[in-house]
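Dear colleague,

I am passing on the structure we spoke about, and below it you will find my notes on what came out of the analysis. Please read them with the model open beside you.

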Amino acid sequence: MDDVESPGFGSSRAERPSVTDGPPLEQIESVFSIYEVRIEDEQLVYYGDPRVHPEQAMQELWPAFRKAGYEPQLTTKYGEYVIVAKPVSLGINGIPWTNIILFVATVFSTLLVGALWWYPSIDPFANPLEIVHAWPFSVAILSVLGIHELGHYVMSRYHEVDASLPYFLPVPTIIGTMGAVIKLNGRMPNRKALFDIGVAGPLAGLVATIIVAVIGLHLPPVTVPESLVQESNTGGVRLGIPPLLELLATAVDQPLYGDDPTRNINPVVIGAWVGMFVTFLNLIPVGQLDGGHILRAMAGEFHETIGALVPAVLFGLAAYLYYIGGYGLQTVFIWVFWGLLTMVLASAGAAHPVAEERLGTWRVVVGIVTFGLGLLCFMPVPLEVIQ
């Protein structure tokens with residue numbers, strides 16, 4: 001079979017890969033003694049034995065494989081050490097139908113929920129086409145969530161880490177969605193890449209959230225159902241107000257509360273509220289959450305100690321609100337749920353970058369500032385269920 005040139009990142013291989021596509025064998029042999037090279041399932045597979053500690057071998061070989069357009073992984077097959085090198089493509093192959101379908105479905109779900117919950121003048125059952133009038137709410141929600149994930153995606157491309165486009169999750173909650181996610185494939189090359197990808201989402205999302213908040217605060221009030229807002233004596237849900245939203249309202253001289261503050265909030269402001277709450281949750285410093293990535297990059301292995309404390313803090317918050325604050329189980333359940341979730345995330349562990357070099361001072365400062373902004377989005381009682 002004729003040799004083919006390595007296409008590098010962002011392209012596809014028109015032919016079956018050749019053993020010469022990978023790094024020079026003598027470069028691999030410097031840390032990994034090879035006795036056989038195969039092509040298996042469109043992957044280069046090197047059988048041999050590490051000459052140094054396996055983790056050190058991969059740290060030294062990683063840049064060479066990535067330069068050749070491959071993602072290497074050291075594993076074992078049939079009781080032998082092997083390096084499995086999978087071709088990497090950072091481009092979008094074909095039309096991302098799954099992403100498109102989920103996005104369209106989320107547009108519909110946010111329009112429907114917006115019409116049902118936040119625009120009482122709209123009756124989507126009598127006239128389904130009227131849900132389009134809830135477009136400001138839908139645009140606000142999709143903007144803050146989408147720009148958050150695009151921040152991750154853009155920085156992933158910058159650091160040549162394979163990442164999917166955002167997947168939106170259409171669920172008929174009071175905001176019409178469970179958010180959006182992207183899928184990262186392969187390992188992080190170093191702590192700088194892990195930090196940059198982790199921090200880009202919250203910061204990009206916060207920029208979008210602040211813009212949405214300022215716009216919403218300047219829009220005319222829209223009366224919303226009494227059971228869904230700040231004050232209700234007959235049952236429903238009361239939204240907490242994060243400090244950042246209070247500060248923005250003061251800064252632009254657009255008060256959140258009028259003569260009837262429970263029903264005079266524009267639905268676009270709810271989009272900003274969602275952006276702030278999502279930012280706080282994502283910045284919880286544990287596991288594969290954005291905050292976990294940032295903390296892992298900043299603190300190295302010490303992140304495990306901090307991550308182990310997070311579930312206890314959340315359970316403690318739930319207990320305080322229930323026993324001292326007098327809130328009901330339905331209200332405090334959100335922190336019980338997140339306490340359980342962070343236990344799972346902590347046990348699963350954080351990302352393990354290939355190279356462990358320390359971050360520069362400016363990245364540490366950005367990380368501290370980002371966690372500080374996250375605290376400004378914190379609400380002890382985000383959603384109070386009123387009996």
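In strand E4, Val82 is the bridge partner of Thr75, and this pair belongs to an antiparallel arrangement in which eight bridges join strand E3 (residues 70-77) to E4 (residues 80-87). Strands and helices here are DSSP runs numbered from the N terminus, with at least two residues for a strand (E) and at least four for a helix (H or I), and two strands pair if DSSP finds at least two bridges between them. The hairpin of E3 and E4 has two residues between the strands, and Tyr78 takes a positive phi near 55° there.

Please keep in mind that this is a predicted model, in which local features need pLDDT of at least 70 and side-chain atom pairs count only at pLDDT 80 or more, while totals for chains, interfaces and linings use all residues. Residues are numbered from 1 along each chain as its sequence is written, and side-chain values use heavy atoms, with hydrogens and water left out.

Two further residues deserve a look for their backbone angles, since most residues other than glycine have a negative phi. Asp41, which is not a glycine, has a positive phi of about 55° and lies in the loop between strand E1 (32-40) and strand E2 (43-50). Glu160 likewise has a positive phi of about 55° without being a glycine, and is found in the loop between helix H4 (135-158) and strand E5 (167-170). Asp41 counts as exposed because its relative accessibility is 69%, whereas Glu160, at 36%, counts as partly exposed; buried means under 20% relative accessible area, exposed over 50%, and partly exposed in between (1.4 Å probe, protein chains only).

The largest nonpolar core (buried Ala, Val, Leu, Ile, Met, Phe, Trp, Tyr and Cys residues joined through side-chain atoms within 4.5 Å) has 55 residues, and among those with the most contacts inside it are Phe137, Phe277, Leu281 and Trp335. Helix H7 (267-282) is one of the elements that each supply at least two residues of this core, and H7 gives the most, with ten residues. Leaving aside its neighbours within four places in sequence, Trp335 is in contact (heavy atoms within 4.5 Å) with residues including Phe277, Leu281, Leu317 and Phe378. A second, separate core of 14 residues includes Phe32, Ile34, Tyr46 and Ala57.

With best wishes
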